[in-house]
Amino acid sequence: MSETTIEIAVRRYRPEVEVEPSWQSYEVPCRREWMVLDGLNWIKDRLDGTLSYRWACRMGVCGSCGMMVNGDPTLTCAAYLKDLLPGPVRVEPLRGFPVVRDLVVDISDFVAKLASVKPWIVRAIEKSPDDGEYLQTPEQLADYKQYSMCINCLLCYSACPIYALEPEFVGPAALALAQRYNLDSRDEGAAERMEILSQHEGIWSCTFVGECSVVCPKHVDPAGAIQRYKLDAAADWVRSVLLPWGKR
Amino acid sequence: MDSTTHDVLVLGAGGAGLRAAIALSEAAPQLDVAVVSKVYPMRSHTVAAEGGAAAVVQADDSFDAHAYDTISGGDWLCDQDAVELFVQEAPREMTLLEHWGCPWSRTPEGRVAVRPFGGMVRERTWYAADKTGFHLLHSLYQTALRHERLTWYDEWFVSRLLVADGRCQGAVAIELATGKVHALMARAVILATGGCGRVFAFTTNANIKTGDGMALAYRAGAALKDMEFMQYHPTGLPFTGILITEAARSEGGWLLNKDGYRYLQDYDLGKPEAKPVKRAMELGPRDRLSQAFVKEHEKGRTIATEHGHVVHLDIRHLGERTIDSKLPFVRELCRKYENLDPVREMIRVRPVVHYMMGGVATDLDGATELPGLFAAGEVACVSINGANRLGSNSLTELLVFGARAGAAAARWALAAAPPQPGVLTQAFAEERRIGDQLARAGGGERVATLRRELQEAMEAGAGIYRDELGLRRAAARVAELRERFGSARLDDASLTFNTELVAWLELDCLIDVAGAMIASALARRESRGAHQRSDFPARDDERFLAHSMARRGAGGEVEVALAPVTITRWLPGERVYGREKDS
């Protein structure tokens with residue numbers, strides 16, 4: 001019995017040899033336990049060593065291998081090839097980012113935005129480690145835990161219609177991570193972050209399309225984080241108008 | 001070629017590299033520190049660690065108990081001064097991580113919660129559900145972003161160290177996005193590049209774990225210590241090699257053979273109890289559990305599958321609530337990659353290459369034999385892991401020794417002379433080597449073909465049980481692959497993000513590391529911990545209570561010498577699990 005195969009059509013772009021991206025098709029085995037990434041590795045190792053893409057852990061936690069698969073932002077190490085039969089499977093670089101080469105996109109913009117939201121514990125006075133840990137109950141942990149699960153795979157940026165139009169927009173993952181620290185009982189940096197995020201490109205651009213939460217492979221719900229942020233920001237504004245002299 | 005000068009380079013941005021970078025930044029803010037990583041920091045393989053990180057916290061626990069567990073777990077090959085320092089500094093480092101936002105799981109009172117782990121007599125494993133490495137890495141990375149003076153070279157591949165006047169003075173790196181080769185000059189370099197599991201085909205390790213730092217140090221003249229000790233984790237998923245955390249057993253999971261029998265009771269690991277017993281049965285050390293699997297297989301009591309023989313890991317009796325709160329990632333991985341729900345079905349598992357106990361030999365401050373070169377984490381061997389690492393010691397090791405290496409490199413850099421321009425000749429030579437390979441057209445074999453053969457050779461000759469004949473065969477195949485590597489071809493001549501060029505450089509490292517592993521395994525004619533010689537089945541303290549030091553000889557061959565083990569307070573004894581010690 002001959003092995004089932006499937007066609008993978010890859011959107012290629014080699015800046016040194018072509019001006020415009022092009023499509024290239026490969027026939028690969030479609031084995032029961034293979035993911036789209038396994039198909040790409042088959043191409044790379046057996047058919048065409050020039051195909052470029054990123055991958056590392058192959059267990060859905062390093063966040064390297066996000067690509068567009070049949071038009072949807074997808075972690076390719078977690079998408080079965082057999083589910084895409086009969087094919088062809090169209091694989092493209094993650095939408096919304098500049099393409100470096102083939103399936104590799106430039107994510108430096110995200111890294112800068114991540115740093116801009118101060119994704120670390122901010123405290124007026126830091127406790128010495130010799131004085132032990134900060135107490136945090138399981139309930140307090142649960143307040144932010146979901147937002148701490150972001151693997152920075154950037155599927156959410158790719159799905160976000162605002163980021164595509166307004167590249168200045170801080171974007172879903174970075175906002176969720178800002179909220180992750182705001183909601184952490186150990187943190188005192190919410191006001192500092194609010195100052196950064198209540199600017200136009202911060203939270204207000206988001207129109208609650210919610211696509212970011214739909215595509216998130218780790219159920220982080222960035223849309224929920226942004227919504228909560230907006231409510232807090234609006235409440236802050238109301239307080240500042242009503243009680244301009246008082247403690248907010 | 002561009003040349004840039006920093007004070008200190010940190011190579012690798014996983015747990016050890018990030019912790020070192022933060023330590024450098026805090027110890028000497030005036031130093032110019034750059035972090036160079038072949039992947040974005042959050043992609044580093046620390047991200048995949050699951051179960052937890054060990055540090056004494058309970059009142060009924062002690063540093064001595066943690067030290068004894070570690071030393072007996074390591075079959076007395078650990079350097080005990082390193083272990084003592086490690087267990088003492090562990091709680092402070094773990095608390096620092098807590099202050100930096102790591103979402104550790106908590107007790108109802110809000111204290112950090114701990115769980116038992118294999119080979120440990122008390123609960124001392126801190127955990128963030130079963131994604132501890134992920135949270136540890138992201139907490140460290142995000143905290144490091146606060147240190148604004150750090151320079152980040154993300155997606156730069158280091159292919160050579162610059163060495164002159166007997167000291168390390170920098171590194172050569174390829175900027176992957178452009179293919180440009182850069183000379184990065186520095187007074188000190190810290191290796192934090194992680195392990196080398198990809199020497200084998202079936203491994204939990206990410207594609208990026210190719211022993212780069214080990215090979216760089218080895219080529220620069222530093223010793224690789226105890227490279228024959230490769231840890232097999234007993235519970236990997238059969239096709240993917242994805243790890244199912246030891247926490248599944250510490251929460252109460254059972255290992256069952258094809259008859260549903262808890263077979264570990266047949267291997268001097270204690271009697272089966274309904275509840276987990278520490279240092280017994282499923283909570284025995286990893287080397288003994290993986291070896292028991294092989295014996296069980298030889299008895300015909302494992303289960304044949306299309307991806308090799310397996311046994312069953314059964315966690316159904318823990319119930320959905322415990323599984324979802326303590327082991328959510330186990331459930332997620334089983335559902336995604338095995339199409340089964342561990343709440344209702346047993347998990348098929350088999351031993352899988354997981355962790356290199358050996359590495360670049362260092363002192364307690366991470367200093368290697370080459371002045372100016374430091375190392376910490378899995379790339380290094382200090383050694384706290386000896387012949388077999390205990391689960392949950394490695395994440396803590398990243399922190400304790402990453403911090404120490406960072407602080408020591410800062411002291412060194414403040415006193416050392418600046419790098420000499422003369423080392424640039426080496427950088428030009430490296431640029432030429434890379435350019436020549438890119439220009440080579442036609443003939444030769446694919447990188448992937450050679451890599452596959454290397455992995456097959458290691459699987460065949462250097463697995464859980466080894467012997468002289470098998471190791472010699474593996475050595476011959478590796479030597480032959482070294483020859484063929486010399487005429488390997490690349491399909492890809494591009495300068496832009498050339499991942500085939502990276503794979504070629506990585507294979508170069510894998511071949512060197514494999515050679516050192518095999519030579520060390522041949523030289524150790526005894527069985528100890530993870531190194532089991534079927535032709536020398538007993539431990540031999542008289543001849544081999546010693547570290548293997550593999551160095552590159554003048555002709556490029558591996559030379560293995562022995563070096564003493566540091567014993568402070570625990571004389572070598574029997575490793576006892578699941579029963580009382582014979583007096």
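Start with the largest nonpolar core of this predicted model, which holds 277 residues, and select B:Ile190 and B:Leu191, the two that touch the most other members. Next, colour helix α14 of chain B, residues 499-523, since 17 residues of this helix belong to the core, the most that is given to it. In soluble globular proteins, nonpolar side chains tend to be buried together.

Stay with B:Ile190 and display its surroundings, leaving out residues up to four places away in sequence. Among the residues it touches are B:Val8, B:Val10, B:Leu11 and B:Ala20, and further along the chain B numbering come B:Phe374, B:Ala375 and B:Ala376, followed by B:Ala405, B:Gly406 and B:Ala409.

**Three strands of chain B**

Now select strand β9 of chain B, residues 167-175, which is largely enclosed by the rest of the structure because eight of its nine residues are buried. Two strands can be shown beside β9(B), and each deserves a separate look.

On one pairing, add strand β8 of chain B, residues 156-164, which runs antiparallel to β9(B) and is joined to it over eight bridges. To see one of these pairs, pick B:Phe157 and then its bridge partner in β9(B), B:Ile174. The hairpin of β8(B) and β9(B) has two residues between the strands, and there B:Asp165 takes a positive phi near 50°.

For the other pairing, bring in strand β10 of chain B, residues 180-185, which is antiparallel to β9(B) and joined to it by six bridges. Here the pair to pick is B:Ala171 with its bridge partner in β10(B), B:Leu184. The hairpin that β9(B) and β10(B) form has four residues between the strands, and in its turn B:Gly179 shows a positive phi of about 75°.

**Across to chain A**

Hide chain B for a moment and show chain A alone, whose C-alpha trace spans about 75 × 40 × 30 Å along its principal axes. Its secondary structure comes to ten helices and seven strands, and of its 248 residues 48% count as buried. If you compute a contact map, taking contacts between residues at least 6 apart in sequence, 65% of those in chain A join residues at least 24 apart.

Colour chain A by its domain assignment, which gives domain 1 as 5-105 and domain 2 as 108-242. The C-alpha centres of these two domains of chain A lie 30 Å apart, and where they meet, the contact takes ten residues from domain 1 and twelve residues from domain 2. Looking at the domain 1 side of this contact in chain A, you will find five nonpolar, four polar and one charged residues.

Within chain A, select helix α6, residues 172-182. Is this helix mostly covered or mostly uncovered? Helix α6(A) is mostly covered, with eleven of its eleven residues buried, including A:Leu175 and A:Leu177 as well as A:Gln179, A:Arg180 and A:Asn182.

**Where the chains meet**

Finally, bring chain B back and select the interface, in which 44 residues of chain A are in contact with 45 residues of chain B. On the chain A side, β6 (99-101) and α3 (138-145) each supply at least two residues, and α3(A) gives the most, with three residues. Colouring this side of chain A by class separates 20 nonpolar, eleven polar and 13 charged residues.

How values were computed
Residues are numbered from 1 along each chain as its sequence is written. Chains are lettered from A and ligands numbered from 1 in the order in which they are written. This is a predicted model: local features need pLDDT of at least 70, side-chain atom pairs count only at pLDDT 80 or more; totals for chains, interfaces and linings use all residues. A residue is buried if 20 or more other C-beta atoms lie within 10 Å of its own, exposed if 12 or fewer, and partly exposed in between; C-beta atoms are placed from the backbone. Domain bounds come from an automatic or database domain assignment. Two residues are in contact if their C-beta atoms, placed from the backbone, lie within 7 Å. Ala, Val, Leu, Ile, Met, Phe, Trp, Tyr, Cys and Pro count as nonpolar, Asp, Glu, Lys and Arg as charged, and the others, Gly among them, as polar. Two strands pair if DSSP finds at least two bridges between them. A nonpolar core is a set of buried Ala, Val, Leu, Ile, Met, Phe, Trp, Tyr and Cys residues joined through C-beta atoms within 7 Å.
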